[in-house]
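This report goes through one protein model, from its pockets and core to single residues of the backbone. Please keep the sequence and the coordinates at hand while reading.

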Amino acid sequence: MIYSFQVITLFPDIIQASMGLGVFSQAQKSGILTLSCINPREFTSDIHKTVDDRPFGGGDGMVMLPEPLEKSISTAKREHSRSKVLYMSPQGTPLTHLKATALSREEGLIIVCGRYGGIDQRVINSFVDEEISIGDYVISGGELAACVLMDCVSRFIPGVLGHKDSAEKDSFAGGLLEHPNFTKPREYKGQNVPEVLLSGHHKKIQEWKRSMSILVTMVKRPDLIKAHISQTELRGLLVFWQQIPKDQRKTLGIEQLHEKDFHG
Ligand code: 9D3
């Protein structure tokens, strides 16, 4: 089964340029997935190739006309009838790790991109299965959002990533942030790589990574931690944290933690 991404956009160059490098383009070359763009401008019949107009009732931006969008979606569906239709929109459900894994299990996606001002609501009502946002901030169109979504979703399609870098093992898969990483040299600007990482003691290293993931999450994203940690584990973490020398805590980026943070 070849996964198909079809993007409906007035700016196909943004999509092709963004997806033309890296693991996504490698996956296209090896035949795991396909990417194509459909431009609503090619489905206009007036001399000016009009794709948008001013919103009824006034307001900022231009609204994309229903007809060229309907014809674009129909063309996409003729090629891949079972694909899910997404509309990238600031009003959508925010994209998460969980949503990306679910979308990766579809046969393909038809992704509608709007420009500032959006698209006629009746296109959403008639043809869109899901409306998706990439976060609570404004960007000038759906194209970069579609690229973020395709990059994220493609990582869960079997064969896109090598086995060494599995998406399931990633930060957020476990609901926690990643532990800090270090490479050569062992000492840099007076900061030393933690001894345990040089020890070659595999089990101790795994335990260190897990503990550090939790401590980093407590510091940077306390909102993520609540469900993931029991009182028993918290007591163990207090001991782990107490054993880290003060200057190491700074090297590890957890100098903000205090004993009170381990009391539930
Ligand atoms: C005038 C009110 N704006 C709605 C909040 C209109 C509007 C702003 C920006 C309509 C479209 C856009 C363009 N943005 C996207 O198409 C978009 C988007 C975003 O701006 N933020 C987060 N996720 C997304 S997905 C698509």
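How much space lies in the second largest pocket? About 420 Å³ lies there, in a model that is predicted.

## The second largest pocket

The lining of this pocket is made up of 25 residues. Tyr87, Met88, Ser89, Pro90 and Gln91 are the lining residues nearest the pocket centre. Four elements supply at least two lining residues each: strand S5 (84–94), helix H5 (121–127), strand S7 (130–133) and helix H6 (142–154). Strand S5 gives the most, with 5 residues. By residue class, the lining divides into 12 nonpolar, 11 polar and 2 charged residues.

One of the central lining residues, Pro90, also figures in a pair that is distant along the chain. Pro90 and Tyr137 are 47 residues apart in sequence, and their C-alpha atoms are separated by 7.7 Å. Tyr137 belongs to the loop between S7 and H6, and both of those elements supply residues to the pocket lining. With a relative accessible area of 45%, Tyr137 is partly exposed.

## Domains

The protein is divided into two parts, domain 1 (3–154) and domain 2 (171–263). Their C-alpha centres lie 40 Å apart.

Arg155 sits in the loop between H6 and S8. Its relative accessibility of 23% makes Arg155 partly exposed. Arg155 and Ala167 are 12 residues apart in sequence, while their C-alpha atoms are 6.0 Å apart in space.

## The largest nonpolar core

In soluble globular proteins, nonpolar side chains tend to be buried together. Which residues of the largest nonpolar core touch the most other members? They are Phe5, Leu149 and Met150, in a core of 30 residues. The elements that give two or more residues to this core are strand S1 (3–8), helix H1 (12–19), helix H2 (23–29), strand S2 (33–38), S5, helix H4 (97–104), strand S6 (108–113) and H6. Helix H6 gives the most to this core, with 6 residues. Both S5 and H6 thus appear among the elements of this core and among those of the pocket lining.

## Cysteines

A disulfide is a covalent bond between the sulfur atoms of two cysteines. How many disulfides does the structure hold? The number is 0.

Two cysteines illustrate this. For Cys147, the closest cysteine sulfur is that of Cys113, at 7.6 Å, so the pair is too far apart for a bond. For Cys152, the closest cysteine sulfur is that of Cys147, at 13 Å, which is also too far for a bond. The cut-off used for a disulfide is 2.5 Å between the sulfur atoms. Cys147 is buried, at 7% relative accessibility, whereas Cys152 is partly exposed, at 22%; the boundary applied here is 20%.

## Backbone geometry

Most residues other than glycine have a negative phi, and most peptide bonds are trans. Where does the backbone carry a cis peptide bond? The bond from Lys184 to Pro185 is cis, with omega near 0°. Pro185 is placed in the loop between H6 and strand S8 (187–188).

Two lysines have a positive phi, and the table sets them side by side.

| Residue | Phi | Location | Relative accessibility |
|---|---|---|---|
| Lys49 | near 55° | loop between S2 and strand S3 (52–53) | 45%, partly exposed |
| Lys189 | about 50° | loop between S8 and strand S9 (191–192) | 67%, exposed |

Is Lys189 buried or exposed? Lys189 is exposed, with a relative accessible area of 67%, while Lys49 counts as partly exposed at 45%.

## The C-terminal segment

Gln256 is found in the segment after helix H11 (246–251). Its relative accessible area is 45%, which means that Gln256 is partly exposed. Gln256 and Gln191 are 65 residues apart in sequence and 17 Å apart in space, C-alpha to C-alpha. Residue 191 is also where strand S9 (191–192) begins.

Terms used: Residues are numbered from 1 along each chain as its sequence is written. This is a predicted model: local features need pLDDT of at least 70, side-chain atom pairs count only at pLDDT 80 or more; totals for chains, interfaces and linings use all residues. Side-chain values use heavy atoms; hydrogens and water are left out. Domain bounds come from an automatic or database domain assignment. On a 1 Å grid over the protein atoms alone, a cavity is a set of points where a 1.4 Å probe fits but cannot get out, and a pocket is an open set with protein on both sides within 12 Å along at least five of seven lines; lining residues have an atom within 4 Å of a point. Grid points are joined across faces, edges and corners, and a volume is the space filled by probe spheres set on the points. Ala, Val, Leu, Ile, Met, Phe, Trp, Tyr, Cys and Pro count as nonpolar, Asp, Glu, Lys and Arg as charged, and the others, Gly among them, as polar. Buried means under 20% relative accessible area, exposed over 50%, partly exposed in between (1.4 Å probe, protein chains only). A nonpolar core is a set of buried Ala, Val, Leu, Ile, Met, Phe, Trp, Tyr and Cys residues joined through side-chain atoms within 4.5 Å.
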